[in-house]
Amino acid sequence: MLVLLAAWQAAAQVAGSRMLPTPLAVATFIARESARGDLWTNVGITLARVGVSFVLAMVLGVLLGVALGRSKRLNTLLDTPLLAMLNTPALVITVLAYVWVGLNETAAILAVVLNKLPNVAVILREGARDLDPGLEEMARTYRFDRRSWVAHVLVPQLQPYAVAAARSGLSLAWKIVLVIELLGRPNGVGFAINYYFVQSTDVAAILGYSIVFMSVMIAIDILLLQRLEAHVRRWR
């Protein structure tokens, strides 16, 4: 981090332009915006959108992925539509959601879910395909009921895949949320970045909001998701 900050400072001094402010200028903006309360209000709103859409996409994606991995017929039926969704640009899905649903929170959440769900489903599908046949035989031998099979055979084997999907999906979800806010919401980090870009091309403000929100998401990954991943892989 110190090397990056030193390189940033040096580049800003060489550029000598407001298009590349120094780290101190960005830190000054963050402190000023934080004191006003706007920074944390917008960060909180964006985090709420990320949280709701992330949970919905994970739940639906896990269910769909397990179903695809366990059923060859269903996988054959839905593989092409899933591939099409994976390769549809996030911007297109976002614009269509706003056109079809309206410029509201429902459309914003729907756009994120539709962008993230295919990614989760594909990862969990591979996990459901790779279940240990020895454990399946054990479950049949001991006549596990459906609940016992899910709790002691399916879920433990899918946990690493679910955590991997969560880590990749979270980084994808917050980037899409910022685009959604930039295009059609009256608040949030994406809205603030768009505001400072349109009103004054304030690069310090754009970098300030970006750095703060990136730091929050990195902290979530390190403090929560990485520990969860270590927990589900502890048997190794």
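**Exercise 1.** Which residues of the largest nonpolar core touch the most other members?

*Solution.* The model is predicted, and the search begins with the 45 residues that make up this core. Among these members, Val43, Val50, Ile180, Val189, Tyr209 and Phe213 touch the most others. The elements that give two or more residues to the core are helices H2 (23–36), H3 (38–70), H5 (90–101), H6 (105–129), H8 (146–184), H9 (189–200) and H10 (203–232), and H8 gives the most, with 13 residues.

**Exercise 2.** Determine whether Val43 is buried or exposed, and list its contacts beyond four places in sequence.

*Solution.* Start by locating Val43, which lies in helix H3. Its relative accessible area is 2%, and because buried means under 20%, Val43 counts as buried. Once neighbours within four places in sequence are left aside, Val43 is in contact with Val189, Val212, Phe213 and Val216. A second core member, Tyr209, can be treated likewise: not counting residues up to four places away, Tyr209 touches Phe29, Glu33, Asp38, Leu39, Asn42, Val189, Ala192, Ile193 and Tyr196.

**Exercise 3.** Describe how helix H4 (residues 72–86) crosses H6, and which residues meet there.

*Solution.* First, the axes of H4 and H6 come within 9 Å and cross at roughly 140 degrees, which makes H4 oblique to H6. Next, the crossing of the two helices is left-handed. Finally, Asn75, Asp79, Leu82, Met85 and Leu86 of H4 meet Leu114, Pro118, Asn119, Ala121, Val122, Arg125 and Arg129 of H6, and sorted by class this contact has seven nonpolar, two polar and three charged residues.

Note on methods
Residues are numbered from 1 along each chain as its sequence is written. This is a predicted model: local features need pLDDT of at least 70, side-chain atom pairs count only at pLDDT 80 or more; totals for chains, interfaces and linings use all residues. Side-chain values use heavy atoms; hydrogens and water are left out. A nonpolar core is a set of buried Ala, Val, Leu, Ile, Met, Phe, Trp, Tyr and Cys residues joined through side-chain atoms within 4.5 Å. Buried means under 20% relative accessible area, exposed over 50%, partly exposed in between (1.4 Å probe, protein chains only). Helices (H or I, at least four residues) and strands (E, at least two) are DSSP runs, numbered from the N terminus. Contact means heavy atoms within 4.5 Å. Axes are lines fitted to C-alpha atoms, for helices over the stretch in contact, and angles run from 0 to 180 degrees between N-to-C directions. Angles under 35 degrees count as roughly parallel, over 145 as roughly antiparallel, 65 to 115 as roughly perpendicular and the rest as oblique. A crossing is left-handed if the near helix is turned anticlockwise from the far one by less than a right angle, and right-handed if clockwise. Ala, Val, Leu, Ile, Met, Phe, Trp, Tyr, Cys and Pro count as nonpolar, Asp, Glu, Lys and Arg as charged, and the others, Gly among them, as polar.
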